[in-house]
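Here's a quick briefing to go with the structure. Load it up and follow along, starting with the charged pairs.

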Amino acid sequence: MPQSRIALTSAWSQAQELYRSSRGFASWLQMDTAQQLHLYVRETLSNALLSHAIKTSAGWTWVETIELPGEVDLMWPDHADGLRLFDAASQEETIYSRRQDETYSPLRKRIAGLDLRARKTLLNGRNALHVFWTAVVSIPGGSATAVHHQCFGADEQVSRIELPSRYDSAGALHRGVDESGWFALAWTVGREIQVALWDSCIQIEQVTAPSPITQMPSLEAVAVDNATKKVCIVRRAFLDETHEVVCALLQ
């Protein structure tokens, strides 16, 4: 597996205060198809309203207050300049709405077989929602903590639950995504770091990163890029603060 190490040299912009609340709030940031940044803010005690700001060449401007269609447990700004809203109703189903051009369609549609409660999510560049978590599974002679993955596609179809780690005990779960629709999920198994890749909702690759010889690695982050066919991980030696970026070119 070809590898490379890279250095991070990009400079960060100055911090700018955009919103303040004494009650707390949740926020989401997304870049639209015209390369404009959108910020969405929801007050902790106001589940029904969402504030929306856009950054242009003139700076940030608050443009609207959005009325939400009902209970919303999870929200993702999508890659078609809209919003994907989810109500984690029960173990058996999730209630889904999509807002586009100030209109909800579908509006509170019931999606069977999708459980979002206490699970991590990420929306990829093709507007597929990846759901992933670890859970104990039974294996011959005992049990293991396995990585689980499920996908809710832009076509509103729910994939079956996969176990990309199989029955190896996994930890330190991290994820990354690119604009084309690739999604990467990385985890540790002993001294190894494994990475699984999906194109939209279809798994296309699984690779193992080379392990340090002397120390157990600590997984910090993962990133993937379809244009260069490259996946990178950030890892740290368990007993020191030295971080390194290791990349692999995919076949």
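E244 comes out as partly exposed, because its relative accessibility is 25%. Its salt-bridge partner is R235, and the closest N and O atoms of that pair sit 2.5 Å apart. R235 has just 5% relative accessibility, so it counts as buried. Keep in mind that this is a predicted model.

**Salt bridges**

- The count for the model comes to 13 salt bridges.
- E220 pairs up with R236, with 3.4 Å between the closest N and O atoms. This one links distant parts of the chain: E220 belongs to strand β18 (residues 217-225) and R236 to strand β19 (residues 230-237), 16 residues apart.
- How accessible are the two ends of that link? E220 is partly exposed at 29% relative accessibility, whereas R236 is buried at 18%, given that the cut-off for buried is under 20%.
- R117 and D115 form another salt bridge, with the closest N and O atoms 3.1 Å apart. R117 is partly exposed at 41% relative accessibility, while D115 is buried, with a relative accessible area of 9%.
- There's also a network: D78, R84 and R98 are linked by salt bridges.

**Strands β2, β3 and β4**

- Strand β3 covers residues 37-43, and 6 of its 7 residues are buried, so the rest of the structure largely encloses it.
- On one hand, β3 pairs with strand β2 (residues 25-31) in the antiparallel sense, over 7 bridges. On the other, β3 pairs with strand β4 (residues 49-56), again antiparallel, over 5 bridges.
- V41 is a handy landmark in β3: it is the bridge partner of S27, and in β4 its bridge partner is S51.
- Both connections are hairpins. The one formed by β2 and β3 has 5 residues between the strands, and Q35 in that turn has a positive phi of about 65°. The hairpin from β3 to β4 also runs through 5 residues.

**The β11-β12-β13 sheet**

- Here 3 strands make an open sheet in the order β11-β12-β13, with antiparallel pairing.
- Why do β11 (120-123) and β13 (142-152) each have one side without a neighbour in the sheet? They stand at the edges, and each has a single partner strand, so one side of each is left free of a neighbour.
- Ignoring direction, neighbouring strands in this sheet are turned by 25° against each other on average.
- Strand β12 (residues 129-139) and β13 are paired in the antiparallel sense over 11 bridges. If you want a spot to zoom in on, L129 stands opposite F152 in β13.

**Cavities**

- How many cavities of 30 Å³ or more does the structure hold? There are 2.
- The second largest cavity has a volume of about 30 Å³.
- Its lining is made up of P69, E71, V72, L85, F86, D87, I95, Y96, S97 and R108. The elements that give two or more residues to this lining are β7 (83-87) and β8 (93-100).
- By class, the lining of the second largest cavity breaks down into 6 nonpolar, 1 polar and 3 charged residues.

Technical notes:
Residues are numbered from 1 along each chain as its sequence is written. This is a predicted model: local features need pLDDT of at least 70, side-chain atom pairs count only at pLDDT 80 or more; totals for chains, interfaces and linings use all residues. Side-chain values use heavy atoms; hydrogens and water are left out. Buried means under 20% relative accessible area, exposed over 50%, partly exposed in between (1.4 Å probe, protein chains only). Helices (H or I, at least four residues) and strands (E, at least two) are DSSP runs, numbered from the N terminus. Two strands pair if DSSP finds at least two bridges between them. On a 1 Å grid over the protein atoms alone, a cavity is a set of points where a 1.4 Å probe fits but cannot get out, and a pocket is an open set with protein on both sides within 12 Å along at least five of seven lines; lining residues have an atom within 4 Å of a point. Grid points are joined across faces, edges and corners, and a volume is the space filled by probe spheres set on the points. Ala, Val, Leu, Ile, Met, Phe, Trp, Tyr, Cys and Pro count as nonpolar, Asp, Glu, Lys and Arg as charged, and the others, Gly among them, as polar. Axes are lines fitted to C-alpha atoms, for helices over the stretch in contact, and angles run from 0 to 180 degrees between N-to-C directions. A salt bridge is a side-chain nitrogen of Lys or Arg within 4 Å of a carboxyl oxygen of Asp or Glu.
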